[in-house]
Amino acid sequence: MDVDGGDAPFYNDNDIIPDVPPRSPSVQAEEVEDEERVWMRFIQTYPGQVAQSLGQARTLFDSIRAEQEAQGLDPWAPFADEEEWGLVKWLIVRVGQTTIEEFMKLPITSHLKMSFTSKYLLMKAINKLPHRTKWQLKRIQVKGNSEQAECEDLELWLRNPVDCIHELMANPEFDGKVSYSPERVFVDVEGTTRQYDKMWTGEWWWETQGRLPEGAVIAPIILTSDKTSLSQFQGDQEVWPVYLTLGNISKDVRRQPLKHAAVLIAYLPMTKLECFSQEMRSLERYRLFHYCMSLVLEPLISAGNDGIEVTCPDRKVWRMHPIVAAYVEDFPEQCLVACCMENRCPKCTVGHNEQSTLESLRLHQDGEMNNGQFEGELRLQAIYSPFWATLPHNDIFTCITPNILHQLHKGVFKDHLEELDARLRHFKKGISKWKQWTGADYRELQRVFLGVIAVRGYQTHMDMTLSHMHNDIFLKLGVREHFNIPKFHLMLHYVDAIRLFGSADGSNTELPERLHIDFAKRAYRASNRCDYIIQMTTWLRRQESIAIQEAYL
């Protein structure tokens with residue numbers, strides 16, 4: 001595949017001010033309070049040197065204010081005052097571009113004495129606001145084997161993920177909601193009962209910290225990719241967004257879309273690959289996905305190995321190592337990422353780690369493993385260069401996390417509703433004939449149906465709750481002979497995943513499903529439906545500028 005790269009985005013480094021040395025880690029106790037009770041949390045901090053500050057620097061808002069003061073501008077610039085800013089925000093966020101143009105032609109606008117007199121001047125002013133990392137376009141030419149079409153030209157829109165990490169961590173709104181070091185939390189002073197909730201309370205962070213130099217900070221990257229439809233009633237337009245967020249940010253913040261703790265870093269190309277023969281298209285789509293993801297995540301290789309200096313919400317500068325920790329997706333994309341077929345588990349039957357899978361891929365590529373073993377026993381797809389092969393400190397099979405929405409609410413539970421009508425008399429009209437279900441509906445029904453599913457969705461886990469999540473009791477009682485059904489089988493991995501990354505609600509697909517509304521559907525409706533991706537990126541950049549300015553003010 002031939003690639004034509006776009007311009008690299010620009011990022012400003014801040015001047016670093018020497019800082020005082022950090023305190024050594026210690027054991028501490030916290031008093032946690034809710035509406036019903038007060039209990040103690042005993043925290044064991046990491047024994048080595050973690051999070052050694054390199055100094056202090058300006059946050060994003062500090063930089064904006066300093067630039068305005070240097071130019072003699074007020075905080076509302078480039079707009080006149082607070083009232084005009086309120087009008088601009090309403091027009092950009094709530095009103096379409098066609099309606100904005102009609103509004104600007106109304107006679108009453110001449111009495112408002114605005115600093116802009118047309119839609120063109122308004123958009124020009126919006127473009128002067130602070131904005132996030134620039135979009136790049138990489139053109140990909142795919143050479144096929146079909147006689148009708150020998151090649152196909154595709155577009156990959158992407159942002160530099162390292163620059164996106166800089167912007168996320170420089171947001172002062174996250175101050176007090178960010179963690180820089182792993183910890184083990186216990187509910188008793190003896191340290192016998194472990195508690196898991198935030199990502200930094202899991203074992204993955206603790207174990208990975210030991211592989212890095214002293215004083216380093218891990219930036220656990222959480223990736224999500226998911227195809228979504230753009231057209232509501234007609235047409236087959238789809239888009240494939242890739243989102244990035246960080247495990248340093250508390251899951252309570254990450255789960256709120258209006259906090260802007262997740263960033264769109266790519267639109268993967270959508271294509272039927274008609275330049276290939278029918279029998280080759282499925283495999284070539286797998287290969288195209290991995291090739292595009294390798295381009296998107298390439299900056300993370302050197303950043304993860306060597307570290308990058310990052311200004312954080314507390315104005316301190318840390319040397320952070322961005323490492324892919326979790327990949328959140330539905331079951332088909334889990335198999336896509338793991339290079340396996342969809343009738344096998346993407347975590348345990350493919351291989352226990354990256355090395356065994358990469359070795360199998362190499363042997364098959366070199367002709368040292370026959371198709372019977374490769375496809376029949378291992379159920380692998382022939383993707384010889386998976387995107388995760390070069391990512392540092394990463395095991396992609398460990399990264400595949402529980403998916404409460406698709407595996408429990410819409411998977412295990414929804415697919416077996418018809419068998420429940422006769423048993424759940426609490427619902428007068430039954431439940432199998434409901435035409436539309438939401439995640440909230442499934443949760444409410446599960447409270448009536450089965451406690452074990454609710455247990456998997458707890459926001460905080462202890463060793464005791466994890467002990468109730470094993471399915472062995474059904475096997476011992478002879479209720480089931482096995483759980484070798486994909487969505488049932490994946491539930492067997494929940495306990496290990498929670499011990500590694502914290503409670504499962506921190507890596508759920510409910511957030512990316514909500515992000516589709518802003519980053520895909522609304523952006524598409526703002527376009528003219530022709531060459532819509534470039535229009536969507538422009539619309540998104542302006543929406544992000546409005547959000548940054550509003551947070552700053």
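This is a short chat about a predicted protein model and some of its helices, strands and rings.

Q: What kind of model is this, and how are residues numbered?
A: It's a predicted model, where local features need pLDDT of at least 70, side-chain atom pairs count only at pLDDT 80 or more, and totals for chains, interfaces and linings use all residues. Residues are numbered from 1 along each chain as its sequence is written, and side-chain values use heavy atoms, with hydrogens and water left out.

Q: How many helices and strands does the protein have?
A: There are 22 helices and 15 strands. Both are DSSP runs numbered from the N terminus: helices are H or I with at least four residues, strands are E with at least two.

Q: And how much of the protein is buried?
A: Of its 553 residues, 50% count as buried. Buried is under 20% relative accessible area, exposed is over 50%, and partly exposed is in between, using a 1.4 Å probe and protein chains only.

Q: OK, helix 2 and helix 22: at what angle do they cross?
A: Roughly 145°, and the axes of helix 2 (residues 82-94) and helix 22 (residues 532-552) come within 10 Å. The axes are lines fitted to C-alpha atoms over the stretch in contact, and angles run from 0 to 180 degrees between N-to-C directions.

Q: Which residues meet there?
A: From helix 2, W85, V88, K89, I92 and V93; from helix 22, Q543, I546, Q549 and E550. Contact here means heavy atoms within 4.5 Å.

Q: What's W85 paired with, ring-wise?
A: The whole structure has 14 aromatic pairs. In one of them, W85 pairs with F79 in a tilted arrangement, 6.1 Å centre to centre with 40° between the planes. Rings of Phe, Tyr and Trp (its six-membered ring) pair if their centres lie within 6.5 Å; planes under 30 degrees apart are stacked, over 60 edge-to-face, and the rest tilted.

Q: Are F79 and W85 buried or exposed?
A: Both are buried.

Q: What about the peptide bond from A77 to P78?
A: That one is cis, with omega near 10°. P78 is in the loop between helix 1 (60-71) and helix 2. Most peptide bonds are trans.

Q: Switching to strands: why is strand 12 called largely enclosed?
A: Because 6 of the 6 residues of strand 12 (residues 263-268) are buried, the rest of the structure largely encloses it.

Q: Which way does strand 12 run against strand 6 and strand 11?
A: Strand 6 (residues 151-158) is antiparallel to strand 12, with 2 bridges. Strand 11 (residues 238-246) also runs antiparallel to strand 12, joined by 5 bridges. Two strands pair if DSSP finds at least two bridges between them.

Q: Which residues face each other?
A: L158 stands opposite A266 of strand 12, while W240 has L268 as its bridge partner. W240 also belongs to an aromatic cluster with F289, Y327 and F387.

Q: What's up with the phi of H260?
A: It's near 55°, a positive value in a residue other than glycine. H260 is in the loop between helix 7 (251-254) and strand 12, and is partly exposed at 34% relative accessible area.

Q: And H393, what's its phi?
A: About 55°, so positive as well, although H393 is not a glycine. H393 lies in the loop between helix 12 (371-377) and helix 13, partly exposed at 25% relative accessibility.

Q: Last one: how far is F397 from Q334?
A: They are 63 residues apart in sequence and 9.2 Å apart in space, C-alpha to C-alpha. F397 sits in helix 13 (residues 396-399) and is buried, with a relative accessible area of 3%.
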